[in-house]
Amino acid sequence: MSCANACLSYGLEPVVIEASDHVGGTQRSNFHPNLWMLGHPDETGEEMTRRLAAHFLELAVTLHRGTQIRSVMPAGDGFVLQLATPEREVTEHAHAIVLATGMRPRATPALTALAAGSQRVIIGPLSDAIRDRINNARVLILGGGDNALDHALFLAERGNTVRVCTRARFSGRKPFQTACAARPEIELRDHCIPGRLAVEGDEIVAEWGSTRLRYDWLLVLYGYLPNTEVLAAFADAIRPAVTVSGHIHVDAWQRTSVPGIYAAGDLTDSPQPSVPTAIAQGLAAAKAIERDFQSSGF
Ligand SMILES: Cc1cc2nc3c(=O)[nH]c(=O)nc-3n(C[C@H](O)[C@H](O)[C@H](O)COP(=O)(O)OP(=O)(O)OC[C@H]3O[C@@H](n4cnc5c(N)ncnc54)[C@H](O)[C@@H]3O)c2cc1C
């Protein structure tokens, strides 16, 4: 959304392709205040996203929602994209492409299978179930980063007892660690790997050696993977390089390894993924496109 907005100011004609039926991305379901958006204290991610989306939807931008990218091919001085929108197949021609598909929660295949069999096993943060349904319950959280600790605090405030298990040491921000340690409802366990996890009726059974504990909910907050599946639709010759972590490799101008293809936001290996970072990178990508067009005499 940020890149499209900036493209307009450079006289470019942006087309936004969104896989889901809404714009706004990850923050659309964040019920926590956004700590990093200067000037909007106490505004939750949901509120912020509504504000950003309302502005974006007023812009003169072509938006394809609920759309899958079938193929991306080189064509003359640009690219041709075959899209499957909810209504019909669409062909778009572009002189530049900006990838901004974000990240998704990570889990092991065993935990994914467990979640498929029970609504009480939740992979990733920020769901309506976490916000509305987990009250006065026993919760096991797997993970030791900001999300794990932030969710532990959120759930402790709703009458839940929470055990947070991380396989090594806690890596979440110090203020979160201190706040969690001060709450009697929260038990922080490092080097804590359950030997067995199983769903039994409405309960989750977790075993550590001879210790067997029962929980009402299991939250898996293991971090994120970049959404690079879209690259499978790209012809080999124009598939951007990725880093060892699987993120799209970009330079300081958000250029990928392929001329004419840029990337912004969580999909890139940014030191601090956040909304302000993604917004700034979208703006930088638009500037890079304008500059590259000018230097190529386009
Ligand atoms: C629990 C949590 C808390 C956070 N808290 C904060 C916070 O307080 N403050 C803050 O600034 N940041 C926070 N962040 C980080 C912030 O959400 C991200 O950095 C930001 O959303 C990145 O924006 P993005 O546009 O790169 O990706 P996203 O917001 O993930 O958007 C990606 C978009 O791409 C779409 N998409 C995916 N694949 C495709 C495809 N193949 N084709 C078309 N569209 C596709 C998705 O549907 C989505 O709309 C938090 C993140 C999480 C998970």
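C180 is buried in this predicted model. Its relative accessible area is 0%. The residue takes part in no disulfide. The nearest cysteine sulfur belongs to C165, and that atom is 13 Å away. A disulfide needs sulfur atoms within 2.5 Å, so C180 and C165 do not qualify at 13 Å.

C165 has a partner elsewhere. Its sulfur lies 2.2 Å from that of C192, and the two form a disulfide. The disulfide count is 1. Where do C165 and C192 lie? C165 is in strand β10, residues 161–165. C192 is in the loop between β11 (186–189) and β12 (196–200). The pair therefore ties together parts that are 27 residues apart in sequence. Both C165 and C192 are buried.

C7 is another cysteine outside any disulfide. The nearest cysteine sulfur is that of C3, 4.1 Å away. That separation is not within the 2.5 Å cut-off, so C7 and C3 are not counted as bonded. C7 is buried, with a relative accessible area of 8%.

Now turn to the nonpolar interior. In soluble globular proteins, nonpolar side chains tend to be buried together. Here the largest nonpolar core has 24 residues. Which of them have the most contacts inside the core? They are I134, I141, L155 and L219. Several elements give two or more residues to this core: α4 (128–132), β9 (138–142), α5, β10, α6 (174–181) and β15 (217–220). Helix α5 provides the largest share, 7 residues.

I141 shows how these parts meet. Leaving aside neighbours within four places in sequence, I141 is in contact with A148, H151, A152 and L155. The list also includes V162, R163, V164 and C165. L219 and L221 complete the contacts of I141. C165, the disulfide partner of C192, is thus among the residues that touch I141. A second core lies apart from the largest one. This other core has 19 residues, among them I97, L99, L231 and L267.

Helix α5 spans residues 146–156 and carries F154. The model has 1 aromatic pair, and F154 forms it with F31. The ring centres are 4.6 Å apart, with 40 degrees between the planes. This geometry is tilted. F31 sits in the loop between β1 (15–17) and α2 (45–58), 123 residues from F154 in sequence, and the pair links distant parts of the chain. Are F31 and F154 buried or exposed? Both are buried.

F154 has a charged companion too. R158 lies over the face of its ring, at 3.7 Å from the ring centre. A second such arrangement involves W217. There the charged end of R120 sits over the ring, 4.8 Å from its centre.

Next comes a hairpin. Strands β3 (residues 68–75) and β4 (residues 78–84) run antiparallel, and 7 bridges join them. V72 has L81 in β4 as its bridge partner. The hairpin has 2 residues between the strands. G76 takes a positive phi near 55 degrees there.

Finish at helix α7, residues 275–295, which includes S295. This serine has 64% relative accessibility, over the 50% cut-off, so S295 counts as exposed. How far apart are S295 and I279? They are 16 residues apart in sequence. In space they are 25 Å apart, C-alpha to C-alpha.

Note on methods. Residues numbered from 1 in each chain as written. Predicted model: local features only at pLDDT ≥ 70, side-chain atom pairs only at ≥ 80, totals over all residues. Heavy atoms only, no water. Phe/Tyr/Trp six-rings, centres within 6.5 Å; stacked < 30°, edge-to-face > 60°. Helix = DSSP H or I, 4+ residues; strand = E, 2+ residues; numbered from the N terminus. Buried < 20%, exposed > 50% of the residue type's maximum accessible area, 1.4 Å probe, protein only. Lys NZ or Arg CZ within 6 Å of the ring centre and 35° of its normal. Pairing = 2+ DSSP bridges. Core = buried A, V, L, I, M, F, W, Y, C linked by side-chain atoms within 4.5 Å. Contact = heavy atoms within 4.5 Å.
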